[in-house]
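Reader: I have a new model to look at. Could you walk me through it?

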Amino acid sequence: MSNLKSVGNYAVKVLLSVLLGGAILYWMYRGFDFSQMERAMRDDMDWTWMLMSLPFGILAQMFRGWRWHLSLDPIGEHARHSTSVNAVFLSYAVSLLIPRMGEVVRCAVLKRWDKVSFSKAIGTVVTERVIDSLLVMLITVAVFLCQIPVFMTFFDKTGTSFDNTISKFTTEGWIVTAVCALTVIGLLVYLMRRLSIYEKVKTTFLGVWEGVTSLKKVSHPWLFAFYTVGIWLSYFLHYYLTFFCFKETSTLGIMSVLVTFIVGSIAVIVPTPNGAGPWHFAVKTMLILYGISSSVALNFVLIVHTVQTLLVVLLGFWAWAALSMTSKKAEPARND
């Protein structure tokens, strides 16, 4: 019964995330003339640049798979390069259907095909997220310092000014916020105490911790760094080249594109399928602030996001087909 309830709760979260993304898209494109976008795709777009951007989208995921393979070796888990890459391909495709499920799926793939410890694999995924978050944070700070006026305009236009947000809080609002925060903290403490009772969960946490600490044992740290930079450089080029598809956006400088890239990367933290909705809104808003007309900005975000999402879907099918023809390793002898 408890398992059924957990599944139900998760299904509700997934449904809410899909509805959130759909609601934002509906709000953005209500009354939009889609026939005008069709004409833009047929007559005004330079599809050569879009095609040139696609290999970088593939390369970004391949770099992620190779980096993951590298981080598994120090903890005694030896996955194949091909399996690691296909697991990443499949994880991104699954996340389109169920947000945030991709990390679980790619660890399950390595568990099934290469007999890699699931808990240790999850630990290395956590490590990756920490590294990527730190890198994005550093890039964001650097871009923010270079483009402070643009960001200030963005905060004002979207109503996310810190002072404005604080000023909207009433005494009752502060009380409710404090109660909610204390409730969340209390719930986390309660869950941790409950979970610590079960030896299996303890073992899982130990595996996760081992994966997190594996980074200091990586035999080729410079290669790990190269893959990390390669991931984000490929993501950026995958995005940057699409600006040349449209006459209006092709005139924007690389720093302007980098600003929209960072803002879009932050927006996808909101758990919707492939960032649909929040990404569109954030990038469209920044494009308008850089002088791009609203109609062109709406065309850009919808077309670019759709094409890049289709690429993720195709890579997912490729991975599924490749894995179905890949032999599984024998189960190693261990206590996990």
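Reader: Glad to start! What share of the chain's residues counts as buried?

Author: This is a predicted model, where local features need pLDDT of at least 70 and side-chain atom pairs count only at pLDDT 80 or more, while totals for chains, interfaces and linings use all residues. Residues are numbered from 1 along each chain as its sequence is written, and side-chain values use heavy atoms, leaving out hydrogens and water. Buried means under 20% relative accessible area, with a 1.4 Å probe and protein chains only. Of the chain's 336 residues, the buried share is 43%.

Reader: How many helices are there in the chain?

Author: Helices are DSSP runs of H or I with at least four residues, and strands are runs of E with at least two, numbered from the N terminus. The chain has zero strands, and its helices number 14.

Reader: Which helix gives the largest share of the largest nonpolar core?

Author: A nonpolar core is a set of buried Ala, Val, Leu, Ile, Met, Phe, Trp, Tyr and Cys residues joined through side-chain atoms within 4.5 Å. The largest one here has 74 residues, and Tyr239 and Phe261 are among those with the most contacts inside it. The largest share of this core, 13 residues, comes from helix 14.

Reader: Which residues does Phe261 touch, leaving out those up to four places away in sequence?

Author: Contact means heavy atoms within 4.5 Å. Helix 11 covers residues 221-240, and its buried residues pack against helix 12 (254-267), among others. Phe261 touches Trp232, Tyr235, Phe236 and Tyr239.

Definitions and conventions
Expected span 1.5 Å × (residues − 1). Buried < 20%, exposed > 50% of the residue type's maximum accessible area, 1.4 Å probe, protein only.
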